[in-house]
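Please find below a short note on the model under review. The points concern a metal site and the aromatic contacts.

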Amino acid sequence: MKEAYRQVFQSGAQIFREGESGSLAYIIERGEVEISSLIKGSATPLARLRDGDLFGEMALIDDNVRSATATALCETEVIIVSRDYVKNKITQADPLLNLFLRVLLKRLRTTGNTQPLRFGTNPGNESDVREQFLDRLLYEREMQSALESNQFELYYQPIVHLDSGCIAGFESLIRWNHPKRGLVPPAEFIDTAENNGLIVVMGEWILKEATRALELFEKARAERPQPLYMSINVSGRQFAESDLPTIMREIFKSCDIAPGQIKLEITETLLMENPELAALSLEHIKNQGIRVAIDDFGTGYSSLSYLNRFPIDTLKIDRSFVSSMFSSDKSLEIVRMLTELARGLGMDIIAEGIEEEAQADQLRTFGCDYGQGYLYAKPVPVKQAMAFVRDNTPFRAREDYPA
Ligand code: C2E
Ligand code: CMP
Ligand code: CA
Ligand code: CA
């Protein structure tokens, strides 16, 4: 699959013919391609395209037949762009751009193809745009094949009971073990995955993998006073486009985890973007017994009305409030208010990004139930998380806990 993105045509090979239907566009990596058209019965060359030039795009945009024939003039290597990929981008684009594109193409088709189009000779910034596009295309493909070759890995960060320092559960956080760049943090690729839709497939893998890890953790525990839980981040598109309840039901069939041990972390933004859909999906998720947390609470739209409207179990106070609690009276007050609010509404509350014991003390005083942060542990690979569970020493009593 990986190498199907590129193709080599031998000298003289016809890449496609005028009048055929077309489902691929091409960018020349090296070589030369002649575009020709039958004009008054004879094949007439229209253009010679070289490295970096794009061709075969017209049929993809308007579903019309190929307007000309493309022939390799020497051994030519091309990058292939599929119709689905282009269609996907066009539907996502601003409708105005879409309109411009179609009008332009229609004008071109009605004026006829008898003049060479001035590919690549434009002194403007076409080549910059092309570079950007190529960078993105290659990055997306790299991510796709990384997913296929298991380069993604989930790390697990303990979430502790603030009063005892014992582990209550974990949050799964994705990493990319890049063969050249090393460990890549999610901030560098989650948005891209969200934009190109890969997050849907990736998200399904994340749900499976994190639940499987939780099963391992449970098995590793000598005593099990309370089940551990796993908090899993779910992105907007994943929430909107994949059938989470069905996916989770399938996962539960093959492992010994109760739905109540899974908590999905969603953001305020996700809820407010499409409240009707969110309400419906949340209802299905909740009916199944899965729990729901609002992540980064206080940083998004923060309309308190949704706390009423949606069935939410947990609020996660954003790290920005916790880290500035002692430098800003306002942050301190916000944290106090949020804790009170959550308790009043019968929700659990987790404080994120706890790095100092003083913060943990303050949060405990406010009545915050759970904490998560570097004070306890950074996100770690599954093996080390398993060691935490097996060891079972409360973080506050551990040797590596700051005095
Ligand atoms: P998030 O969900 O808010 O995750 C918390 C982030 O804070 C994590 O960064 C975690 O490593 C970091 N963190 C935890 N404790 C501390 C602390 O005490 N101090 C500091 N400075 N940082 C702390 P990470 O792992 O880089 O993840 C960043 C974001 O990427 C996440 O923010 C989440 O929005 C997204 N993400 C991570 N994994 C996934 C995933 O599996 N699916 C989706 N959709 N998004 C994910
Ligand atoms: P498409 O119509 O899909 O297939 C033929 C391709 O040749 C077309 O997309 C353009 O990429 C390219 N093409 C068509 N007409 C010209 C022209 N006059 N000059 C240069 N290239 C052209
Ligand atoms: Ca989170
Ligand atoms: Ca967060």
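The numbered points follow.

1. This is a predicted model, in which local features need pLDDT of at least 70 and side-chain atom pairs count only at pLDDT 80 or more, while totals for chains, interfaces and linings use all residues. Residues are numbered from 1 along each chain as its sequence is written, chains are lettered from A and ligands numbered from 1 in the order in which they are written, and side-chain values use heavy atoms, without hydrogens and water.

2. The calcium ion (ligand 4) takes its protein donors from Asp295 (OD), Asp296 (OD) and Glu352 (OE, listed twice), at 2.2 to 2.6 Å. Donors are N, O and S atoms within 2.8 Å of the metal (3.2 Å for Na, K and Ca); water is not among the atoms, so sites may look incomplete. Along the chain the spacing is D-D-x55-E.

3. Asp295 coordinates both this ion and the calcium ion (ligand 3), the two lying 4.0 Å apart. Asp295 is buried at 8% relative accessibility, whereas Asp296, at 25%, is partly exposed. Buried means under 20% relative accessible area, exposed over 50%, and partly exposed in between (1.4 Å probe, protein chains only).

4. The whole structure contains 14 aromatic pairs. Rings of Phe, Tyr and Trp (its six-membered ring) pair if their centres lie within 6.5 Å; planes under 30 degrees apart are stacked, over 60 edge-to-face and the rest tilted. Phe152 and Trp176 make a tilted pair, with centres 5.2 Å apart and planes at 40°; both residues are buried.

5. Tyr306 and Phe310 also form a tilted pair, at 6.3 Å and 45°, and each is buried.
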